[in-house]
Amino acid sequence: MCSELSQRCFSVQRGETVISKYVIVGASAAGIGAVEAIREVDPVGAITVISDEPCPQYSRPMISDLVSGKANFDKMMCREDQFWEENNVQALTGRTAVSLNLADKYVALDRGDHIAFEKLLIATGGKPFVPKIEGAEKEGVFTFTTLSDAESLVAKIETAKSAVVIGGGLIGVSVTEALTKRGLEVTMVELKDQILSLILDQTSSEMVENVIRKARVTITTGQSVQRIVGKPENNNIVGSAVLTKGEQVQCDLVIIAIGVIPRMELASGTDLKTNRGIIVDKFMHTNVSDVYASGDVAEAYDFVFGENRLLPLWPLAHQEGKVAGYNMAGKKAEYSGGTAMSALKYFGIPIISIGITNPQENSIYEILVKHEPERNLYRKIVLKDDVIVGLSLVNDIERAGVLFHLMKNSAKVKKFKQELLSEDFCLATLPRSLRRKIYPRE
Amino acid sequence: MKKIIANEEYCMGCGLCEVYCTVQHSKSKDIIKAYNRENPRPLSRVKLGVHKPVSFAIQCIHCEDAPCVNACLSGAMQKDDETGLVTHDADKCIGCWTCIMVCPYGAIKRDSSGKVVSKCDLCSELEVPACVANCPNGALVYKEVKP
């Protein structure tokens, strides 16, 4: 299907310069959001989208579902096949933007052609962080970010019996679940002393570890992989992984799932201000006029910390892209901010975790916890000055949205904080004035 | 578009909205069969919230700029521009729970299979949604509201 789509898509000739009112580099969540927003405001202005993937409108968080067999390629399409055509977008798929000329306002592509823009969105996303590991070049070592990563992995799964997953974060857990479902024996190796350390505290992390171990996954923490060793019969093919504490784990595959870092290559050598990502304001505008950035490549506003930082999450990328799109098309829109927020479905243990969930300076924070081990329930809410700044819910997740709304609006919860952990917590629990703000009747 | 409005002053907390929602979304559409024979029992998509003396029923309010649609990872949650409905395609849903995380009303649930979410569809095939039609005290009304 990808090749058909590419053929239907627009192409430019070598060395040619094309002028497009809006140019978007990257066509994942942020790029899609921008197209949708631009078209709400400006139905006709030319939009060109550049993506180095052959078929970009798929859901990246779903690549683990492709590996597990839960979703096929069609199901992964998060927008209809004709998304680009219906929005009258010139989609340059399978093409790479190699550099920017911000003075003359054009993007240079891989075959020497130029796309001139009035408004530019950089939505190049992230790329996997790959530490230096001896033997990482061997056949059977994978990263896990794109559809093509997932397809390469699927191609190996029939013959592989075991895998080592490096990283016990979201990506690591997702790929571990997928491989386990396909019958592989998996060892998850996490550098910190618990898995999901960025989003869970020790208690909730242990709850998840228990469930994962029941699925016959080996979890080892507090170490990493120091080198990857080949098979005795063929040194170029993965045979085992040597952990930092010395243990050697036999495996056919190694998946590097440590995290993503911004794809910043386009910004280098330009006037764009960068930190760990491209710096933007609340309009997703960079320091260079008419140039915007959104998604995993940008440092956008975190409303909990009150500052900009990297938050590589699909829903935030989409929202940031939308804000950029509105502003590019001339409709003023302000990004209300996001924060670290994750919903997890893996290994049948639903979890929602938002904001500061494991604060260290306990004097500033008030922590409300309800742990019912016999029902496998865990609820934790972190308050600062009577405002919710973080929450973790395990198994009983359905109140999360109401709590998140209170959190995002910095609602004072002093009067009803003892109710926050109640199983019956809902809009009816809130004081009338607050409820009216959230649920206006007319 | 027409939406369901809850008047908490009239809600007695009887829960009939949940019962009739369950029946309407059952295979049999029969209250006895739905409750006694269907396994798993279909889930009510409306939730009676009670915090005495306050009670009222909450279901998806089909937001104009719906956070669940914006956040959906798979494209299962969509806004229908013509009807105004926020629609959910269970075949596309991957049960990632991201919509649950962002719904300010707590109006989205995991369905009884635990694999996808479930929410109010305004009983599209009925003139008046089942919860409204069977609310004995007029606490739920179905009327035209400004988007």
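**Close-up views of the predicted A–B complex**

**View 1. Pro53(B) sits in the loop that links strand 2 and strand 3 of chain B.** The model shown here, as in every view, is predicted. A cis peptide bond leads into this proline from Lys52(B). Its omega is about 5 degrees. Chain B has another cis bond to show, between Asn39(B) and Pro40(B). Omega is near 0 degrees there. Pro40(B) lies in the loop from helix 2 to strand 2 (47–51) of chain B. Most peptide bonds are trans, and most residues other than glycine have a negative phi. For chain B, the average pLDDT is 94, and 99% of the residues score at least 70.

**View 2. Two residues other than glycine take a positive phi: Asn88(A) and Leu122(B).** Phi of Asn88(A) is about 50 degrees. This asparagine lies in the loop between helix 5 (83–86) and strand 3 (89–93) of chain A. Phi of Leu122(B) is near 55 degrees. This leucine belongs to the loop between strand 7 (117–118) and helix 5 of chain B. Buried or partly exposed: which label fits each of the two? Asn88(A) is partly exposed, because its relative accessibility of 48% falls between the 20% and 50% limits. Leu122(B) is buried, because its relative accessible area of 6% is under 20%.

**View 3. Helix 2 (residues 29–41) and helix 9 (residues 314–328) of chain A cross at roughly 35 degrees.** Their axes come within 6 Å. The crossing is right-handed. On the helix 2 side, the contact is made by Ala29(A), Ala30(A), Gly33(A), Ala34(A), Glu36(A), Ala37(A), Ile38(A), Glu40(A) and Val41(A). On the helix 9 side, the residues are Trp314(A), Ala317(A), His318(A), Gly321(A), Lys322(A), Gly325(A), Tyr326(A) and Met328(A). What is the chemical make-up of this contact? It has 10 nonpolar, four polar and three charged residues. In an α-helix, residues three or four places apart point the same way, because there are 3.6 residues a turn.

**View 4. Tyr58(A) is buried in a loop of chain A, with a relative accessible area of 1%.** The loop runs between strand 2 (47–51) and helix 3 (63–68) of chain A. Which residues does Tyr58(A) touch, leaving out those up to four places away in sequence? They are Glu53(A), Ile63(A), Met76(A), Met77(A), Cys78(A), Thr146(A), Leu147(A) and Trp314(A). Trp314(A) is also part of the helix 9 side of the contact in View 3. Gly168(A) is 110 residues from Tyr58(A) along the chain, and 24 Å separates their C-alpha atoms.

**View 5. Thr146(A), a contact of Tyr58(A), is shown with its own surroundings.** This threonine lies in the loop between strand 8 (141–143) and helix 6 (147–157) of chain A. Thr146(A) counts as buried, because its relative accessible area of 18% is under 20%. Beyond four places in sequence, Thr146(A) is in contact with Glu53(A), Tyr58(A), Arg60(A) and Ile63(A).

**View 6. Helix 1 (residues 16–24) of chain B has buried residues.** They are Cys17(B), Cys21(B), Thr22(B), Val23(B) and Gln24(B). What do these residues pack against? Their partners in chain B are helix 2 (31–36), strand 3 (54–58), helix 5 (130–133) and strand 8 (140–144).

**View 7. Chain A and chain B meet through 43 residues of chain A and 39 residues of chain B.** The two chains bury about 3400 Å² between them. Carbon and sulfur atoms account for 55% of that area. Which residues of chain B lose the most area to chain A? They are Leu73(B), Ile94(B) and Met101(B), together 20% of what that side buries. The predictor gives the complex an ipTM of 0.96 and a pTM of 0.94.

**View 8. Ala343(A) touches residues of both chains.** It lies in strand 21 (residues 341–344) of chain A. Ala343(A) is buried, because its relative accessible area of 16% is under 20%. Residues up to four places away in sequence aside, its chain A contacts are Ile351(A) and Ile352(A). Across the interface, Ala343(A) touches Cys96(B), Trp97(B), Thr98(B) and Met101(B). Met101(B) is one of the residues named in View 7 for the area lost to chain A. Ser392(A) is 49 residues from Ala343(A) in sequence, and the C-alpha to C-alpha distance is 9.9 Å.

How values were computed:
Residues are numbered from 1 along each chain as its sequence is written. Chains are lettered from A and ligands numbered from 1 in the order in which they are written. This is a predicted model: local features need pLDDT of at least 70, side-chain atom pairs count only at pLDDT 80 or more; totals for chains, interfaces and linings use all residues. Side-chain values use heavy atoms; hydrogens and water are left out. pLDDT is the predictor's confidence in each residue, from 0 to 100. Axes are lines fitted to C-alpha atoms, for helices over the stretch in contact, and angles run from 0 to 180 degrees between N-to-C directions. Helices (H or I, at least four residues) and strands (E, at least two) are DSSP runs, numbered from the N terminus. A crossing is left-handed if the near helix is turned anticlockwise from the far one by less than a right angle, and right-handed if clockwise. Contact means heavy atoms within 4.5 Å. Ala, Val, Leu, Ile, Met, Phe, Trp, Tyr, Cys and Pro count as nonpolar, Asp, Glu, Lys and Arg as charged, and the others, Gly among them, as polar. Buried means under 20% relative accessible area, exposed over 50%, partly exposed in between (1.4 Å probe, protein chains only). Buried area is the accessible area (1.4 Å probe) that two parts lose on being put together, summed over both.
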